[in-house]
Amino acid sequence: MMGQLIGTVHFARVGQTPAFNPHELASLGAVCTHLSACLAGLRKPSSPPPNLLSQRLTPREIQIAKLVAKGLTNAEIGAELWITHNSVKQALKRMFRKLDVSARTEMVAKLRDILQE
């Protein structure tokens with residue numbers, strides 16, 4: 001079904017209602033963009049189930065991810081786990097590669113279900 005039109009959305013005024021003003025057009029554009037993003041999300045392959053993601057990480061890496069999710073800095077994580085700031089930094093780099101992410105927020109979002117346990 002790639003590239004095929006699967007439905008349409010129509011925005012219209014009825015009767016003697018004046019044409020859409022610029023603010024309304026901007027709002028309608030935002031709705032269309034949101035719908036488009038949602039549909040694109042349905043087409044992309046889903047992430048592996050949470051249990052498969054957690055198997056990619058060591059127990060220590062999951063500890064680090066939980067602290068990242070709490071908003072701690074690398075230095076704060078290091079102090080909490082009794083490891084150096086550089087050890088945290090290197091662990092995060094490994095975790096990013098394992099999870100195919102490039103940012104802390106992306107990692108936390110991908111591990112959302114695991115981190116809530």
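The side chain of Asn74 makes a polar contact with the side chain of Arg104, at 2.5 Å. A polar contact here is a pair of N or O atoms within 3.5 Å; within protein, one must be able to donate a hydrogen and the other to accept it, and residues adjacent in sequence count only if both atoms are side-chain atoms. The model is predicted: local features need pLDDT of at least 70, side-chain atom pairs count only at pLDDT 80 or more, and totals for chains, interfaces and linings use all residues. Residues are numbered from 1 along each chain as its sequence is written, and side-chain values use heavy atoms, with hydrogens and water left out.

**Overall make-up**

The protein has seven helices and zero strands, in the order α-α-α-α-α-α-α along the sequence. Helices (H or I, at least four residues) and strands (E, at least two) are DSSP runs, numbered from the N terminus. Of its 117 residues, 21% count as buried. Buried means under 20% relative accessible area, exposed over 50%, and partly exposed in between (1.4 Å probe, protein chains only). Of the contacts between residues at least 6 apart in sequence, 49% join residues at least 24 apart, where contact means heavy atoms within 4.5 Å.

**Three residues**

The table gives the helix and accessibility of three residues.

| Residue | Helix | Relative accessible area | Class |
|---|---|---|---|
| Asn74 | H4 | 15% | buried |
| His85 | H5 | 44% | partly exposed |
| Glu61 | H3 | 3% | buried |

Leaving aside neighbours within four places in sequence, Asn74 is in contact with His85, Val88, Lys89, Leu92 and Arg104. On the same basis, His85 is in contact with Asn74 and Ala75. His85 and Thr73 are 12 residues apart along the chain, and their C-alpha atoms are separated by 9.1 Å.

**Helix H4**

Helix H4 covers residues 74-81. Its buried residues are Asn74, Ile77, Gly78 and Leu81. Seen down the axis of H4, these fall within an arc of 100°, so they line one face of the helix. The arc is that of the directions from the helix axis to the C-beta atoms. Ala79 and Glu80 are exposed on the other side of H4. The cover over the buried residues includes H3, H5 and helix H6 (104-110). Just after H4, Trp82 has a positive phi of about 60°.

**Helix H3 and its crossing with H5**

In helix H3 (residues 59-69), the buried residues are Glu61, Ile62, Ile64, Ala65, Leu67 and Val68. The axes of H3 and H5 (residues 85-99) come within 11 Å and cross at roughly 95°. That makes H3 roughly perpendicular to H5. Axes are lines fitted to C-alpha atoms, for helices over the stretch in contact, and angles run from 0 to 180 degrees between N-to-C directions. Angles under 35 degrees count as roughly parallel, over 145 as roughly antiparallel, 65 to 115 as roughly perpendicular and the rest as oblique.

At this crossing, Glu61, Ile64, Ala65 and Val68 of H3 meet Ala91, Leu92, Arg94, Met95 and Lys98 of H5. The residues of the contact divide into six nonpolar, no polar and three charged. Ala, Val, Leu, Ile, Met, Phe, Trp, Tyr, Cys and Pro count as nonpolar, Asp, Glu, Lys and Arg as charged, and the others, Gly among them, as polar.

Not counting residues up to four places away in sequence, Glu61 touches Arg56, Arg94, Met95 and Lys98. A polar atom of the Glu61 side chain lies 2.9 Å from the backbone nitrogen of Thr58. Just after H3, Gly71 has a positive phi of about 95°.
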